[in-house]
Amino acid sequence: LPQKLNGHDSGRGASYTVPCDDYVHVVEFRSQYVVVGTCRFQEEDMEVEEVEFTTLRVFHHALRVNCLAWSPESQLDKRPQLIRFCTAAADRKVRLLTSDLQNQHEVKVMEGHTSYINHLVFEPTEGKQMPSVSEDHTCRVWDLEGNESTTFRLRSPDVSVCWHPEDLMVSEKKGTIRFYDLVTQQAILSLDCGQSPLMSADWCLADTIKGGAVTGSDWVIWDITRSSYPQEKRPAHVERAGNFRWSRVSENLFSTTGCPGKISSQLLVHHLPVIGSATVGAGHRSLPLCVIGEM
């Protein structure tokens, strides 16, 4: 077993040693992987203690996953079952992974980006296309065969992308959000945060005239029919904010996170002023749950 070396915790020496019986010529950590499973919560089954996770399949991945998106085609409640998702890693490649959880497993690798990929999503209706955005100032749209069908060239690194049935929203780090018509492939609208860096943005599915983002340490909200500048702006985190996501069922709920690695980093759920009643939910199909991961 690996042994900790005394006296080297804060120095330049090795932290651990592994005794071997012969010369060591090559050392490499095992490949990264993606675990796909199902979650069952106590609210759904009283016999479950808090949450029950059941692994369906482990997908080996060449590098650590930086971002991941689920295809709307994925289904477990019908036959044949289908798992499909795409990933981006440090090698600047997009990978499309498909499995029937039986004998058919396929991985397609898509190359084109020349810098770090910050975000990717699926087209939400049929899942036949996948846009990805990168530090190389481009948004690239891929099909399920691995072909690059469209490229949008931006003016600064791109941090996030959202796809509604007809339009694409791309957010740039310098503080600009652009909406593109997917038929003409032309920009039809732009929003301005009024500050930078813009770290994350999202388009409200429950009310499509609303957009939101985190920039610096603040969250900002737009009514895109009124002005290109935010209608609301509030401090979100003591240090720089990291992510912004709308609830999928309520136009009055959204969440923000601080940047990873910060001591005071938090997940915050925000509720906008509302008249009357509203359905509350934040991610799960029937439970008011929001999920976050950390290293």
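A residue is taken here as buried under 20% relative accessible area, as exposed over 50%, and as partly exposed in between. On that scale glutamine 185 of this predicted model, with a relative accessible area of 38%, is partly exposed. Glutamine 185 lies in the loop between β15 and β16, and its phi is positive, about 60°, although the residue is not a glycine. In general, most residues other than glycine have a negative phi, and most peptide bonds are trans.

The loop that holds glutamine 185 belongs to a hairpin formed by β15 and β16, with four residues between the two strands and glutamine 185 in the turn. Strand β16 comprises residues 186–192 and pairs with β15 in the antiparallel sense over six bridges, and within this pairing aspartate 181 stands opposite glutamine 186 of β16. Strand β15 also takes part in a hairpin with β14, where three residues separate the strands and glycine 175 in the turn has a positive phi of about 115°. Here too the sense is antiparallel, with five bridges between β15 and β14, the latter comprising residues 167–172; valine 170 stands opposite arginine 178 in β15. Five of the six residues of β15 are buried, so the strand is largely enclosed by the rest of the structure.

Strand β15 also contributes to the nonpolar interior. The largest nonpolar core has 14 residues, of which Met169, Ile177, Phe179, Leu198, Ala213 and Trp222 touch the most other members. At least two residues of this core come from each of β13 (158–163), β15 (176–181), β17 (198–203) and β19 (218–223), and β17 gives the most, with three residues. A second core, separate from this one, consists of 13 residues and includes Val94, Met110, Met130 and Leu144. As a general tendency in soluble globular proteins, nonpolar side chains are buried together.

Nonpolar side chains are also found at the surface, where Tyr33, Val35, Phe53 and Val58 make a patch of about 350 Å². Strands β3 (32–41) and β4 (51–61) each supply at least two residues of this patch. Valine 35, one of the patch residues, is placed in strand β3 and counts as partly exposed because its relative accessibility is 37%.

Strand β4 also carries one ring of an aromatic pair, and the structure holds eight such pairs. The ring centres of phenylalanine 59 and phenylalanine 85 are 5.1 Å apart and their planes stand at 90°, so this pair is edge-to-face. The two residues link distant parts of the chain, with phenylalanine 59 in strand β4 and phenylalanine 85 in strand β6, 26 residues apart. Both partners are buried on the scale given above: phenylalanine 59 has a relative accessible area of 5%, and phenylalanine 85 has a relative accessibility of 0%. An edge-to-face arrangement likewise describes phenylalanine 244 and tryptophan 246, because their ring centres lie 5.5 Å apart and their planes stand at 75°. Phenylalanine 244 and tryptophan 246 are buried, and together with Trp219 and Phe254 they form one aromatic cluster.

The backbone shows further local features in several loops. A cis peptide bond, with omega of about -5°, joins arginine 79 and proline 80, and proline 80 is found in the loop between β5 (65–70) and β6 (83–89). Serine 196 and proline 197 are likewise joined by a cis peptide bond, for which omega is about 5°; proline 197 is placed in the loop between β16 and β17. Leucine 101, in the loop between β7 (94–99) and β8 (105–110), has a phi near 65°, a positive value in a residue other than glycine. With a relative accessibility of 18%, leucine 101 counts as buried because this value falls under the 20% limit, whereas glutamine 185, which also has a positive phi, is partly exposed at 38%.

Technical notes. Residues are numbered from 1 along each chain as its sequence is written. This is a predicted model: local features need pLDDT of at least 70, side-chain atom pairs count only at pLDDT 80 or more; totals for chains, interfaces and linings use all residues. Side-chain values use heavy atoms; hydrogens and water are left out. A nonpolar core is a set of buried Ala, Val, Leu, Ile, Met, Phe, Trp, Tyr and Cys residues joined through side-chain atoms within 4.5 Å. Buried means under 20% relative accessible area, exposed over 50%, partly exposed in between (1.4 Å probe, protein chains only). Patches are made of residues with over 30% relative accessible area and no salt bridge: like charges are joined within 9 Å, nonpolar side chains (Val, Leu, Ile, Met, Phe, Trp, Tyr) within 5 Å. Accessible areas come from the Shrake-Rupley method with a 1.4 Å probe; for residues, only the protein chains shown count as cover. A salt bridge is a side-chain nitrogen of Lys or Arg within 4 Å of a carboxyl oxygen of Asp or Glu. Two strands pair if DSSP finds at least two bridges between them. Rings of Phe, Tyr and Trp (its six-membered ring) pair if their centres lie within 6.5 Å; planes under 30 degrees apart count as stacked, over 60 as edge-to-face and the rest as tilted.
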